[in-house]
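Me: I am new to this structure and would like a close look at a single part of it, the charged pairs along one helix and whatever helps me to place them. Please take it slowly and connect the pieces as you go.

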Amino acid sequence: IAIIDAGRNNPLPPSYRGPGLGLAETRYADPNVFVSYSTVPGTTALDGKGSNSPYVSALSSAMLTPGAEIHRVFEAVRRDVFRATDQGQVTWDASTLMQPFFFLPPPS
């Protein structure tokens, strides 16, 4: 599992960087990999107004939900970030997971 809260615009001149804004999409062929990005590839993430980004704020709450499977956690994060940024930022994830994963297991 990789969680990436980095989607800044590269300040270097175009001759020193790749095309586009933010991070490029990465593809994973290995099984059981989950990568979440704070924003859609090729866009930039917003810092927010508090001590944490909208992404970190949403994630720190959603991942503490007992019994929430990882895909449901990141769907909740996506909704919260979208709302918190006035529809200005959409999170992104890529998964090759083959079994459920829980940050906190379901209550017994």
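Reply: A residue is called buried under 20% relative accessible area, exposed over 50%, and partly exposed in between. Phe-101 has 30% relative accessibility and therefore counts as partly exposed. The model in front of you is a predicted one, and what follows should be read with that in mind.

To place the helix, it helps to begin with the whole chain, which has two helices and three strands, running in the order β-β-α-α-β from the N terminus. Of the 108 residues in the chain, 24% are buried, and the chain exposes about 6900 Å², with carbon and sulfur atoms supplying 56% of that area. Among the contacts between residues at least 6 apart in sequence, 65% join residues at least 24 apart.

The part to look at closely is helix α2, which covers residues 70–84. The count of salt bridges comes to three, and they can be taken in turn along this helix.

Arg-72 and Glu-75 join their side chains in a salt bridge, at 2.7 Å from N to O. These two residues are three apart in helix α2, which means that about one helical turn separates them. Arg-72 is partly exposed, since its relative accessible area is 47%, and Glu-75, with 29%, is partly exposed as well.

Further along, Arg-78 meets Asp-93 in a salt bridge, with a distance of 2.5 Å from N to O. This pair links distant parts of the chain, as Arg-78 lies in helix α2 whereas Asp-93 belongs to strand β3, 15 residues apart. Arg-78 has a relative accessible area of 25% and is therefore partly exposed, while Asp-93, at 24% relative accessibility, also counts as partly exposed.

The remaining pair is Asp-80 with Arg-83, whose closest N and O atoms are 3.6 Å apart. Here again the partners are three residues apart in helix α2, so about one helical turn lies between them. Asp-80 counts as partly exposed at 33% relative accessibility, but Arg-83, at 57%, counts as exposed.

Strand β3, where Asp-93 sits, also leads back to Phe-101, which is found in the segment after this strand, itself spanning residues 92–95. Together with Ile-1 and Ile-3, Phe-101 forms a nonpolar patch on the surface, and the three residues have about 250 Å² of accessible area together.

Definitions and conventions: Residues numbered from 1 in each chain as written. Predicted model: local features only at pLDDT ≥ 70, side-chain atom pairs only at ≥ 80, totals over all residues. Heavy atoms only, no water. Patch = residues over 30% accessible without salt bridge, like charges linked within 9 Å, V, L, I, M, F, W, Y side chains within 5 Å. Areas by Shrake-Rupley, 256 points an atom, 1.4 Å probe, with all protein chains shown as cover. Salt bridge = Lys/Arg side-chain N within 4 Å of Asp/Glu carboxyl O. Helix = DSSP H or I, 4+ residues; strand = E, 2+ residues; numbered from the N terminus. Buried < 20%, exposed > 50% of the residue type's maximum accessible area, 1.4 Å probe, protein only. Contact = heavy atoms within 4.5 Å.
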